Amino acid sequence: MSTPTPASNAKPRVSARLAAIAESATLAVDAKAKALKAAGRPVIGFGAGEPDFPTPDYIVQAAVEAAQDPATHRYSPAKGLPALREAIAAKTLRDSGYEVSADNILVTNGGKQAVYQAFAAIVDPGDEVLLPAPYWTTYPEAIALAGGRTVEVFAGADQDYLVTVDQLEAARTERTKVLLFCSPSNPTGAVYSPEQTAEIGRWALEHGIWVITDEIYEHLVYDDAAFTPVVRAVPELAETSIVLNGVAKTFAMTGWRVGWMIGPSDVIKAATNLQSHLTSNVANVSQRAALAAVSGDLSAVSDMRAAFDRRRRTMIEMLEAIDGVQVPTPKGAFYAYPSVEGVLARTIAGRTPTTSAELAEIILEEAEVAVVPGEAFGPSGFLRLSYALSDEDLAEGVGRIQKLLAR
């Protein structure tokens with residue numbers, strides 16, 4: 001029996017919507033570093049945005065007990081366990097300083113699902129979303145999946161990566177519907193001051209622009225920086241804002257996949273309906289672990305923050321010693337975002353990079369150090385390095401970059 005030949009007018013095998021999505025650059029860099037390490041190469045990876053600490057014991061124990069409880073072996077509400085949503089509401093009052101109802105909280109499969117569902121809930125095709133750049137690599141993909149159009153608003157190293165209201169106003173059009181606000185920032189570590197946050201919030205309120213605020217790094221701030229929830233700074237934004245958060249970064253729980261979104265009741269209802277078809281409930285064992293995390297004190301978080309702070313200072317000192325590298329001091333999260341424009345067009349190991357992507361490739365191949373190029377987060381000319389790794393690996397890895405770029 002002969003095999004039928006495809007028709008000349010055959011439809012594309014992959015939908016245009018999904019074919020247009022780029023792979024997560026940060027996960028790709030991390031996967032490549034791990035593959036090289038598994039092959040015996042002494043690669044040090046600065047790509048992954050996850051704490052290198054184990055999840056605190058009391059959280060793990062809560063998960064063990066949950067796994068043994070037959071009640072967790074069945075479906076639970078798509079919106080999240082009621083006890084967890086109540087605990088998130090209490091945690092929001094404790095950490096952010098304003099009250100929310102548990103009914104206005106949706107528990108999601110990690111922070112990424114919250115990001116996707118937030119845009120899906122309020123963005124229609126053709127709506128414009130103002131996205132301060134450098135930005136986390138997932139934001140524009142989630143915007144595109146919702147049918148929206150990303151409008152980048154870039155702030156470089158000379159602005160400490162902080163956009164101004166004037167820049168936002170210059171980018172605003174009649175189609176502008178949403179502003180994405182992320183402070184502390186991934187990828188730059190920049191933190192907006194209380195005054196800057198309030199000014200941006202008031203501007204959004206004045207122009208009827210929704211604010212999607214990603215607060216997942218809320219507890220990782222250093223020096224004189226202070227985390228400022230935009231809804232606390234401008235309470236009137238409560239009806240036109242969606243707050244994204246989760247346990248991943250604060251409690252070293254990236255693999256547990258528990259995030260949440262807080263917003264107006266109609267938006268949360270719509271997102272819950274979507275999630276009921278998309279994934280249903282978050283794994284109950286993970287939810288019970290998250291309940292222990294958000295209900296407990298922050299002593300374990302304080303210990304991790306102290307280690308991140310120490311590593312931050314070491315990394316900045318070492319990067320600043322490299323000729324041609326400019327690095328604003330990050331005040332939050334666990335990333336440094338040096339400008340390497342002064343290094344480009346310099347011959348390194350017989351090669352002359354003209355983009356940060358080419359420079360990152362040279363650093364990986366010649367120094368066996370994995371970093372994420374700026375193209376993943378906006379314009380070329382930058383690198384992102386996470387300092388969520390051991391002190392020894394950090395010093396060794398940045399030391400290798402120093403030696404390579406000094407040749």
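In this predicted model, I21 sits in the loop that runs between α1 (16-19) and α2 (25-38). Together with V14 and L18, I21 makes up a nonpolar surface patch of about 250 Å². With a relative accessible area of 32%, I21 falls in the partly exposed class, because that class covers everything between 20% and 50%.

Away from that patch, the nonpolar residues gather in cores. In soluble globular proteins, nonpolar side chains tend to be buried together. The largest nonpolar core here counts 58 residues, and L84, L168, W203 and V247 are the ones with the most contacts inside it. Take V247: leaving aside residues up to four places away in sequence, V247 touches A252, M253, V258, W260, A290, A293 and V294. Apart from this core lies another one, of 42 residues, with V340, V371, L385 and Y387 among them.

One of the residues with the most contacts inside the largest core, L84, is also one of the buried residues of α4. That helix, which spans residues 82-96, has 15 residues and reaches 20 Å from its first C-alpha to its last, close to the 21 Å expected at 1.5 Å a residue. The buried set in α4 is made up of L84, R85, A87, I88, A89, K91, T92, D95 and S96, so charged and polar side chains are in there too, R85, K91 and D95 included. An α-helix has 3.6 residues a turn, so residues three or four places apart point the same way. The packing partners of the buried α4 residues are β2 (105-108), α9 (230-233), β7 (241-246), β8 (259-262) and α11. Right after the helix comes G97, with a positive phi near 85 degrees.Two of the buried α4 residues, K91 and D95, turn up again as contacts of H219. H219 lies in the loop between β6 (210-214) and α9 and, at 12% relative accessibility, counts as buried. Besides K91 and D95, H219 touches T250, L298, V301 and R305, again not counting residues up to four places away in sequence.

Turning to charge pairs, the structure holds 18 salt bridges. Side chains of opposite charge can pair when their charged atoms come close. One of the pairs joins D69 and R288, whose side chains meet at 3.3 Å, N to O. This pair links distant parts of the chain: D69 is in the loop between α3 (57-67) and α4, R288 is in helix α11 (residues 284-295), and the two are 219 residues apart. D69 is partly exposed at 26% relative accessibility, and R288 is partly exposed with a relative accessible area of 26%.

Another salt bridge pairs R172 with E169, at 2.8 Å from N to O. R172 is partly exposed, with a relative accessible area of 29%, and E169 counts as partly exposed at 30%. E361 and R351 also meet in a salt bridge, with an N to O distance of 3.9 Å. E361 belongs to helix α13 (residues 356-367) and R351 to the loop between β9 (335-336) and α13, so the pair ties together parts that are 10 residues apart in sequence. Both ends are partly exposed: E361 has a relative accessible area of 38%, while R351 stands at 28%.

Beyond these pairs, D52, R310, R311 and D391 are linked in a network of salt bridges. R311 lies in helix α12 (residues 299-320) and is buried, with a relative accessible area of 5%. Not counting residues up to four places away in sequence, R311 touches D52, F53, Y387, A388, L389, S390, D391 and L394. Among these contacts, D52 and D391 are members of the salt-bridge network, and Y387 is one of the residues of the 42-residue core.

The contacts of R311 lead on to helix α14 (residues 391-405), where L394 is one of the buried residues. α14 has 15 residues and reaches 21 Å from its first C-alpha to its last, close to the 21 Å expected at 1.5 Å a residue. Buried along α14 are L394, G397, V398, G399, R400, I401, L404 and L405. These buried residues pack against β1 (44-45), α12, α13, β10 (369-370) and β12 (383-386). The list thus takes in α12, the helix that holds R311, and α13, the helix that holds E361.

Methods
Residues numbered from 1 in each chain as written. Predicted model: local features only at pLDDT ≥ 70, side-chain atom pairs only at ≥ 80, totals over all residues. Heavy atoms only, no water. Patch = residues over 30% accessible without salt bridge, like charges linked within 9 Å, V, L, I, M, F, W, Y side chains within 5 Å. Areas by Shrake-Rupley, 256 points an atom, 1.4 Å probe, with all protein chains shown as cover. Salt bridge = Lys/Arg side-chain N within 4 Å of Asp/Glu carboxyl O. Helix = DSSP H or I, 4+ residues; strand = E, 2+ residues; numbered from the N terminus. Buried < 20%, exposed > 50% of the residue type's maximum accessible area, 1.4 Å probe, protein only. Core = buried A, V, L, I, M, F, W, Y, C linked by side-chain atoms within 4.5 Å. Contact = heavy atoms within 4.5 Å. Expected span 1.5 Å × (residues − 1).
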